[in-house]
Amino acid sequence: MLKQSVIDSMIPPLRDLYALWQALGWDQGLPLVADVLRVDLARWRPNAVIIERRDGTYWYRWYGPALRAAFKTDLTGLALDSIPESTLPAGQRQLIEYEFATATERRSPVWRSYKAQFGGEDQVWQRLVLPAAPAEGEPVSLILIVAAKVETPPVTVKRIPTFS
């Protein structure tokens with residue numbers, strides 16, 4: 001369960017997804033994979049990643065079109081440990097592995113906000129990592145991730161009148 005202060009810090013689409021996740025069973029236990037896959041995720045699909053965990057390996061089963069465009073890559077069908085360092089630098093891979101391990105081992109959502117340079121532009125993104133299991137008590141086998149750029153309104157500067 002995420003702290004209320006973290007939930008309050010989320011952008012609305014991630015907050016709404018987290019609420020949906022809770023409705024799918026977080027209060028009673030981990031949501032089931034079948035329930036997650038039945039839900040209409042159209043609102044989040046462009047920014048979604050679906051990870052399947054098999055035999056201890058994380059496989060990218062879906063890499064949303066908005067993410068493909070933003071990061072100039074498509075990870076669909078790749079195992080996390082097979083992505084070349086030119087696409088996924090070592091430091092970033094370690095962070096992603098940590099997120100995935102935390103979600104699967106603790107059976108708990110993970111959220112983070114981060115600032116990085118993409119396409120020569122400083123951007124702020126938020127990321128919500130949500131685990132699911134095939135049946136009650138079974139290990140996590142699916143992770144749904146939604147990552148979205150935080151759109152900040154432009155800063156307006158008021159001109160101070162000068163007197164001569």
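This report walks through a predicted model of one protein chain, from its overall layout to some of its individual residues.

## The chain as a whole

The chain holds five helices and five strands. Read from the N terminus, these elements follow the order α-α-α-β-β-α-α-β-β-β. If you turn the model in your viewer, you can look for its extent: the C-alpha trace spans about 75 × 40 × 25 Å along its principal axes. Of the 164 residues, 40% count as buried.

Residues far apart in sequence can be followed in space too. V150 sits in the segment that comes after β5, and M10 is 140 residues away from V150 along the chain. The C-alpha atoms of V150 and M10 are separated by 9.6 Å. V150 counts as buried, because its relative accessible area of 18% is under 20%.

## The hairpin of β1 and β2

A good place to begin a closer look is the pair of strands β1 and β2. Strand β1 covers residues 48–54, and β1 and β2 pair in the antiparallel sense over six bridges. Within this pairing, I51 stands opposite Y60 of β2.

Two residues lie between the strands of this hairpin. D55 belongs to the loop between β1 and β2. Its phi is positive, about 50°, although D55 is not a glycine. Most residues other than glycine have a negative phi. D55 is also exposed, because its relative accessibility of 82% is over 50%.

K72 offers a second example of a positive phi. This residue is found in the loop between α4 and α5, and its phi is near 55°, again in a residue other than glycine. K72 is exposed as well, with a relative accessible area of 71%.

## Salt bridges

Seven salt bridges turn up in a search of the whole structure. Three of them are set out here.

| Salt bridge | Closest N to O distance |
|---|---|
| E52 and R54 | 3.1 Å |
| E99 and R112 | 2.2 Å |
| E99 and R127 | 2.6 Å |

E99 appears in two of these rows, with R112 as one partner and R127 as the other. The bridge between E99 and R112 links distant parts of the chain: E99 is in helix α5 and R112 is in strand β3, 13 residues apart. Are these two residues buried or exposed? E99 is buried at 2% relative accessibility, and R112 is buried at 17%.

The bridge between E99 and R127 also joins distant parts of the chain, for R127 lies in strand β4 (residues 121–132), 28 residues from E99. Like E99, R127 is buried.

The pair E52 and R54 has another setting. E52 is partly exposed, with a relative accessible area of 25%, and R54 is partly exposed at 33%. Which residues are joined into one network by salt bridges that share partners? They are E52, R54 and R61.

## A polar contact in β4

Strand β4 also contains Q123. The side chain of Q123 makes a polar contact of 2.8 Å with the side chain of W125. Q123 counts as buried, because its relative accessibility of 10% is under the 20% cut-off.

## The largest pocket

Rolling a probe the size of a water molecule over the atoms shows where empty space is left. The largest pocket has a volume of about 400 Å³. It is lined by 20 residues, and those closest to its centre are Y63, F71, L88, Q92 and I96.

Several elements give two or more residues to this lining: β2 (57–63), α4 (65–71), α5 (90–105), β3 (110–118) and β5 (142–149). Which element gives the most to the lining of the largest pocket? That element is α5, with four residues.

What kinds of residue make up the lining of the largest pocket? They divide into 15 nonpolar, three polar and two charged residues.

## Bringing it together

Helix α5 is a handy landmark for a newcomer. This helix carries E99, a partner of R112 in β3 and of R127 in β4, and α5 gives the most to the lining of the largest pocket. Strand β2 is another helpful starting point: β2 pairs with β1 and is one of the elements that give two or more residues to the pocket lining.

Conventions: Residues numbered from 1 in each chain as written. Predicted model: local features only at pLDDT ≥ 70, side-chain atom pairs only at ≥ 80, totals over all residues. Heavy atoms only, no water. 1 Å grid on protein atoms, 1.4 Å probe; cavity = no way out; pocket = protein on both sides within 12 Å on 5 of 7 lines; lining within 4 Å. Points joined across faces, edges and corners; volume = space filled by probe spheres on them. Nonpolar A, V, L, I, M, F, W, Y, C, P; charged D, E, K, R; others polar. Salt bridge = Lys/Arg side-chain N within 4 Å of Asp/Glu carboxyl O. Buried < 20%, exposed > 50% of the residue type's maximum accessible area, 1.4 Å probe, protein only. Pairing = 2+ DSSP bridges. Polar contact = N/O pair within 3.5 Å; in protein donor to acceptor, adjacent residues only side chain to side chain.
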